Amino acid sequence: MTALEPIAEDLWTDEPEPRLIAGQLPSGEIVFPMPVGDAAKDVTPYPLPRKGTLWSWTSQEFRPKTPYEGPGEGPQDFEPYLLGYVEIPGKVIVETRIVDATLDDLSLGMPMEFCIVPFNDRHSTFAFRPDKNS
Amino acid sequence: MRDVYIIGAGIHPFGRTDSRSGREQGVYAVREALADAGLDWPDIECAYGGSAAAGSADVMVNELGLTSLPFVNVANGCATGGSALASAQMAIASEAYDLALATGFDKHPRGAFNADPKSYGLPEWYGQTGMMLTTQFFALKIQRYMQLHGISRLTLGRVAEKAFRNGSLADHAWRRSPIDIETIMNAPMINDPLTKYMFCSPAEGGVALILASEKKMRELGADGVKIASVAVRTRPPDSFEVFQAGISVKEGGKPTVLASKAAFEQAGIGPEDIDVAQLQDTESGAEIMHMAENGFCKDGEQEQWLAEGRTEINGKLPVNTDGGCLACGEPIGASGLRQVYENVVQLRGRGGERQVPNNPKTAYSHVYGAPGLSGVAILQR
């Protein structure tokens with residue numbers, strides 16, 4: 001199996017336990033994603049802790065229009081997915097896919113952990129899953 | 001600043017009209033508004049209007065007449081109509097003009113809106129991975145709100161049930177058949193907790209309002225409704241809006257709360273003085289949250305309000321008397337002005353089967369648009 005390319009460069013760190021890269025403003029405030037171009041002036045890349053808590057969630061039950069590039073081509077082979085916001089305490093709240101869970105598993109404030117998952121046959125992307133170790 | 005009145009209101013039925021372009025539906029509405037005010041097109045001194053997907057509003061002059069009037073195109077997402085109204089109001093309040101037009105129309109392709117990440121200054125991956133949809137934002141916002149404030153799924157259903165019941169009484173509405181609560185609750189899920197019937201759909205339609213100074217209104221002997229206040233506000237720091245890959249851990253302000261406060265202050269009245277309200281109901285959850293964000297109830301009280309029918313046409317505060325976006329659909333450019341149109345109808349006592357009882361004297365409209373702005377208008381009789 002060939003390694004999947006990350007969906008974007010510099011979105012997470014290249015280390016055994018990757019971390020999502022946010023940005024730290026001169027004020028100390030953390031923003032996600034790390035800004036690019038002129039907006040990145042005076043912003044320092046800031047790898048986020050891998051643990052957080054569930055802030056909100058929903059399911060995506062229909063196939064989004066472009067620019068969505070998920071697995072499958074048409075509505076027939078579209079697989080609904082979960083997504084939500086995960087709060088990295090004291091840092092920032094990040095929108096993310098949610099994996100290894102069903103809607104019934106999810107509750108406000110539950111512990112979540114960061115992971116990298118296959119997205120389609122070319123790319124990997126980031127997600128959070130319920131943190132079973134907490 | 002002097003008082004401004006709405007002396008003419010026109011609408012093209014919302015929904016799908018294959019035989020007319022979006023602009024033609026707007027022109028139809030302008031002609032209705034002119035007839036309502038007893039005016040001819042050359043009387044209009046300035047115009048503000050917009051559409052998100054059906055071309056520039058100022059092209060309307062090709063059909064209405066080349067009178068050389070100043071016609072400004074407005075583009076403020078779902079708040080385009082509210083912003084056009086604010087501009088027209090200012091043109092008269094400032095004494096620059098005596099007669100102004102505010103108009104909006106639209107015609108969208110079927111299916112959910114989709115957005116281009118780049119035009120919002122967002123990275124491509126945000127759209128590629130399927131996280132950039134307005135319907136998701138609404139679901140994520142109400143999901144958290146329900147957990148924090150004890151709102152049940154049944155209450156979401158009750159909002160939609162009321163919308164279709166009210167829509168069945170409005171001749172400009174798209175969905176004209178009541179839908180029972182079981183059908184709404186058991187419909188296919190779109191984004192949990194919102195089912196198919198809890199979302200509005202992109203649609204078509206046009207609205208036009210003619211605004212006048214008090215002097216002009218008296219001169220014409222027109223049936224005017226006073227604009228007590230109008231306010232538009234964009235998002236403050238640390239707010240939670242549509243299309244945000246990251247949000248602040250600090251709880252920030254809300255554009256609706258800011259616009260609402262400004263409108264009440266300017267009008268010199270409070271939420272308890274409002275007799276009828278049109279609140280942005282892009283989906284059921286939005287109507288619920290906007291009841292609190294506009295100051296009509298506290299967070300969580302909506303559960304009881306809906307159970308007791310307080311927002312029904314004959315309730316304490318009728319909300320979305322023409323079925324709102326849920327029953328009328330959402331032509332982006334026209335939507336905010338439909339709310340004001342409905343309030344004009346209600347204050348003039350011309351609501352027919354959906355008329356709010358006891359001669360309502362004050363009416364409130366609120367529209368919210370991407371990427372995070374709100375427009376509020378308070379009308380008085």
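This report covers the nonpolar cores, unusual backbone spots and salt bridges of a predicted model.

## Nonpolar cores

The largest nonpolar core holds 47 residues. Five of them touch the most other members: A:Leu11, A:Leu20, A:Phe32, A:Phe126 and B:Trp125. Several elements each supply at least two residues of this core. From chain A these are strands E5 (51-60), E6 (81-88), E7 (92-98), E8 (111-118) and E9 (123-130). From chain B they are helices H4 (124-128) and H5 (134-149). The largest share, 6 residues, comes from E6(A).

Another core lies apart from this one. That core has 44 residues, including B:Ala160, B:Ile190, B:Cys297 and B:Leu317.

## Cis peptide bonds

Two prolines of chain A deserve a look. The bond from A:Phe32 to A:Pro33 is cis, with omega near -5°. A:Pro33 sits in the loop between strand E3 (30-31) and strand E4 (44-47) of chain A. A:Phe32 also appears among the core residues that touch the most other members.

The bond from A:Thr66 to A:Pro67 is cis as well, with omega near 15°. A:Pro67 belongs to the loop between E5 and E6 of chain A.

## Positive phi outside glycine

A:Asp42 is not a glycine, yet its phi is positive, near 65°. A:Asp42 is found in the loop between E3 and E4 of chain A. Its relative accessible area is 54%, so A:Asp42 counts as exposed, the cut-off being over 50%.

B:Asn358 is another non-glycine residue with a positive phi, about 65°. The loop between helix H13 (332-347) and strand E11 (362-369) of chain B holds B:Asn358. B:Asn358 is exposed, at 73% relative accessibility.

## Salt bridges in chain A

The count over all chains comes to 29 salt bridges. One of them joins A:Glu113 to A:Arg129, with the closest N and O atoms 3.1 Å apart. A:Glu113 lies in strand E8 and A:Arg129 in strand E9 of chain A, so the pair ties together parts 16 residues apart in sequence. A:Glu113 is buried, at 14% relative accessibility. A:Arg129 is partly exposed, at 27%.

The pair also belongs to a network of salt bridges. Its members are A:Lys51, A:Asp100, A:Glu113, A:Arg129 and A:Asp131.

## Salt bridges of B:Asp223

In chain B, B:Asp223 forms a salt bridge with B:Arg348; the closest N and O atoms are 3.5 Å apart. B:Asp223 lies in the loop between helix H8 (214-220) and strand E8 (225-234) of chain B, and B:Arg348 in the loop between H13 and E11, so the pair ties together parts 125 residues apart in sequence. The loop between H13 and E11 of chain B also holds B:Asn358. B:Asp223 is partly exposed, with a relative accessible area of 28%. B:Arg348 is buried, at 11%.

B:Asp223 also forms a salt bridge with B:Arg381. Here the closest N and O atoms are 2.8 Å apart. The pair links distant parts of the chain, 158 residues apart. B:Asp223 is in the loop between H8 and E8, while B:Arg381 is in the segment after strand E12 (373-380) of chain B. B:Arg381 is partly exposed, with a relative accessible area of 42%.

Conventions:
Residues are numbered from 1 along each chain as its sequence is written. Chains are lettered from A and ligands numbered from 1 in the order in which they are written. This is a predicted model: local features need pLDDT of at least 70, side-chain atom pairs count only at pLDDT 80 or more; totals for chains, interfaces and linings use all residues. Side-chain values use heavy atoms; hydrogens and water are left out. A nonpolar core is a set of buried Ala, Val, Leu, Ile, Met, Phe, Trp, Tyr and Cys residues joined through side-chain atoms within 4.5 Å. Buried means under 20% relative accessible area, exposed over 50%, partly exposed in between (1.4 Å probe, protein chains only). Helices (H or I, at least four residues) and strands (E, at least two) are DSSP runs, numbered from the N terminus. A salt bridge is a side-chain nitrogen of Lys or Arg within 4 Å of a carboxyl oxygen of Asp or Glu.
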